Amino acid sequence: YDETSALAFADQVESAPRYLVGGGTAIGGALQYAIRQFDLNPYAGARQVIDVSGDGRANQGSQPSDQRNVAVSRGIAINGLAILNEDPTVDSYYANNVIGGTGAFVMTANNYEDYGVAILSKLIKEIAGVPIARGPVPVPVTATEQMAEAIP
């Protein structure tokens, strides 16, 4: 994809209505949905990562830790961005109940105004990412080992 399609997607996200009835937060349900999307996606990426951003703890649906465990067992990492506006300890909740997998992390935004900068930092950290193992790396043989092998 290119910059034009990324900007078009950003415009769609920005203009999407927020469906919030009674303050529900269903992190487990969101994780469950995201996990299923990997099965539907024909692109085989080098890494599979789910991003979760929010300002609260789960209060509806399945427990996030249960879905996190499913994701991690499938090799999917979950990273979080906790917005501390409503609950200044939600980052600890994310660390203990939401994130998981190789290289998983939680970042924070102190409030909604800081979210834009925080999400950009989070995406950069994810893109720089965890190195992907390509296989065993040959260990160089030292001169001493070469000499030992040469002596019968």
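Which residue is the bridge partner of Ile50 in strand 2? The partner is Ile78. I will come back to that pair once the sheet has been described.

First, the model I am showing is predicted. The chain has 152 residues, and 24% of them count as buried. Its accessible surface comes to about 10,600 Å², with 57% of that belonging to carbon and sulfur atoms.

Now the layout. There are six helices and three strands in the chain. Reading from the N terminus, the order of elements is α-α-β-α-β-α-β-α-α. If we take the contacts between residues at least 6 apart in sequence, 77% of them join residues at least 24 apart.

Next, the sheet. The three strands form an open sheet in the order 1-2-3, and the pairing is parallel. Strand 1, residues 49-54, and strand 3, residues 106-109, are at the edges. Each of these two has a single partner strand, so one side of each has no neighbour in the sheet. From one strand to the next, the twist averages 15 degrees.

As for the pairing itself, strands of a sheet pair through backbone hydrogen bonds, either parallel or antiparallel. Here strand 1 and strand 2 run parallel and are joined by six bridges. The opening pair, Ile50 and Ile78, belongs to these two strands. Another pair to find is Asp51, which stands opposite Asn79 of strand 2. On the other side of the order, strand 2, residues 77-83, is joined to strand 3 by four bridges, again parallel. There, Ile83 stands opposite Ala109 of strand 3.

Then there is the question of cover. Which side chains of strand 1 are buried, and which are not? They alternate along the strand. Ile50, Val52 and Gly54 point to one face and are buried. Val49, Asp51 and Ser53 point to the other face and are not buried.

Strand 2 reads otherwise, with both faces covered. On one side sit Ala77, Asn79, Leu81 and Ile83, on the other Ile78, Gly80 and Ala82, and all are buried. With seven of its seven residues buried, strand 2 is therefore largely enclosed by the rest of the structure.

One of the helices packs on this sheet. Helix 2, residues 27-40, touches strand 1 and strand 2. The direction of helix 2 makes about 155 degrees with that of strand 1.

Now a contact between two helices. Two packed helices are described by the angle between their axes and the distance between the axes. For helix 3, residues 64-73, and helix 4, residues 90-97, the angle is about 45 degrees and the axes are 9 Å apart. Helix 3 and helix 4 are therefore oblique to each other. From helix 3 the contact uses Pro64, Ser65 and Arg68, and from helix 4 it uses Tyr93, Asn96 and Asn97. Sorted by class, that contact has two nonpolar, three polar and one charged residues.

To finish, three single positions.

The first is Gly24, in the loop between helix 1, residues 3-15, and helix 2. Is Gly24 buried or partly exposed? Its relative accessibility is 25%, so Gly24 counts as partly exposed. Setting aside residues up to four places away in sequence, Gly24 touches Asn59 and Gln60. Gly24 and Asn59 are 35 residues apart along the chain, and their C-alpha atoms are separated by 6.2 Å.

The second is Gly100, in the loop between helix 4 and strand 3. Gly100 has a relative accessible area of 11%, and the cut-off for buried is under 20%, so Gly100 is buried. Which residues is Gly100 in contact with, leaving aside neighbours within four places in sequence? They are Arg68, Val72, Ile76, Ala77 and Ile78. Arg68 also takes part in the contact of helix 3 with helix 4, and Ile78 is the bridge partner from the opening question. From Gly100 to Val49 the C-alpha distance is 9.9 Å, with their places 51 residues apart in sequence.

The third is Ser121, in helix 5, residues 115-128. At 33% relative accessibility, Ser121 counts as partly exposed. The C-alpha atoms of Ser121 and Met107 are separated by 8.7 Å, and the two residues are 14 apart along the chain.

Terms used
Residues numbered from 1 in each chain as written. Predicted model: local features only at pLDDT ≥ 70, side-chain atom pairs only at ≥ 80, totals over all residues. Heavy atoms only, no water. Axes fitted to C-alpha atoms, helices over the stretch in contact; angles between N-to-C directions. Parallel < 35°, antiparallel > 145°, perpendicular 65-115°, else oblique. Contact = heavy atoms within 4.5 Å. Nonpolar A, V, L, I, M, F, W, Y, C, P; charged D, E, K, R; others polar. Pairing = 2+ DSSP bridges. Buried < 20%, exposed > 50% of the residue type's maximum accessible area, 1.4 Å probe, protein only. Areas by Shrake-Rupley, 256 points an atom, 1.4 Å probe, with all protein chains shown as cover.
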